[in-house]
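Colleague: Please give me a close look at one part of this model. I want to know how two of its pieces sit against each other, and what surrounds them.

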Amino acid sequence: MSADSPLKTRITEDMKSAMRAGDKARLGTIRMVLAGVKQVEVDTREALDDAQVLAVLDKMVKQRRESITQFRKAGRDDLAEAEAQELAIIQAYLPEPLSEAEIATMIDVAIAETGAGSVRDMGKVMGQLKPRLQGRADMGAVSNQVKARLS
């Protein structure tokens with residue numbers, strides 16, 4: 001088992017400072033993040049590295065975005081606002097998002113590296129892109145762009 005990832009250590013330190021500051025909303029969200037990371041560690045029986053922690057954070061961000069959309073549709077702006085606050089706290093741990101141009105370039109490179117020629121090769125291309133883009137781009141949107149390029 002490897003030592004804690006630097007990202008997980010940073011999140012733990014932020015939890016301690018939120019505790020000291022009495023920032024209940026931030027503390028609750030950070031505890032939820034750490035619980036999510038811990039759950040994956042227990043399930044896989046191994047300490048997560050930064051890339052794996054990012055994958056957990058990415059999933060949480062996606063869940064918050066979906067919840068916000070659903071709450072707004074249902075007219076529950078109070079719940080949507082709470083989710084938005086959690087989303088902002090979680091996103092602070094993600095790397096800087098990539099621009100559309102950077103994503104397009106990475107898709108082109110992945111297609112060239114895999115020699116993909118049709119939509120059947122999409123899995124290979126996404127396999128190349130996922131570790132490079134995790135936490136830095138909406139993977140659903142990237143998937144749609146790859147599909148469009150290979151069609």
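Colleague: How do H5 and H7 lie to each other?

Modeller: This is a predicted model, so local features need pLDDT of at least 70, side-chain atom pairs count only at pLDDT 80 or more, and totals for chains, interfaces and linings use all residues. Residues are numbered from 1 along each chain, and side-chain values use heavy atoms, without hydrogens or water.

Start with the two axes. Helix H5 covers residues 100–114 and helix H7 covers residues 139–150. Their axes (lines fitted to C-alpha atoms over the stretch in contact; angles run from 0 to 180 degrees between N-to-C directions) come within 11 Å and cross at roughly 50°. H5 and H7 are therefore oblique to each other; that is, neither under 35 degrees, nor over 145, nor 65 to 115. The crossing of H5 and H7 is right-handed (near helix turned clockwise from the far one by less than a right angle).

Now the residues. On the H5 side, the contact (heavy atoms within 4.5 Å) is made by Glu100, Ile103, Ala104, Ile107, Asp108 and Ile111. H7 brings Val142, Gln145, Val146, Arg149 and Leu150. Sorted by class, the contact of H5 with H7 has seven nonpolar, one polar and three charged residues (charged is Asp, Glu, Lys and Arg; nonpolar is Ala, Val, Leu, Ile, Met, Phe, Trp, Tyr, Cys and Pro; the others are polar).

H7 also takes part in the largest pocket. Helix H3 (50–73) and H7 are the elements that give two or more residues to its lining. H3 gives the most, with seven residues. The lining of the largest pocket has 19 residues, and Asp58, Arg65, Ala137, Asp138 and Met139 lie nearest the centre. By class, this lining has seven nonpolar, four polar and eight charged residues.

Next, the whole chain. There are seven helices and zero strands (DSSP runs, H or I of at least four residues and E of at least two). From the N terminus the elements run α-α-α-α-α-α-α. The C-alpha trace spans about 55 × 45 × 25 Å along its principal axes.

Other pairs are worth setting beside H5 and H7. Helix H1 (residues 6–21) and helix H2 (residues 24–44) pack at about 150°, with axes 9 Å apart. H1 passes H2 in a left-handed crossing. H1 contributes Lys8, Ile11, Thr12, Asp14, Met15, Ala18 and Met19 to that contact. From H2 come Arg26, Leu27, Ile30, Arg31, Val33, Leu34, Val37 and Glu41. The contact of H1 with H2 has nine nonpolar, one polar and five charged residues.

H2 has a further partner in helix H4 (residues 77–91), at an angle of about 65° with axes 10 Å apart. The crossing of H2 and H4 is right-handed. Here Ala25, Arg26, Thr29, Ile30, Met32 and Val33 in H2 meet Glu86, Ile89 and Ile90 in H4. This contact divides into six nonpolar, one polar and two charged residues.

Terms used. 1 Å grid on protein atoms, 1.4 Å probe; cavity = no way out; pocket = protein on both sides within 12 Å on 5 of 7 lines; lining within 4 Å.
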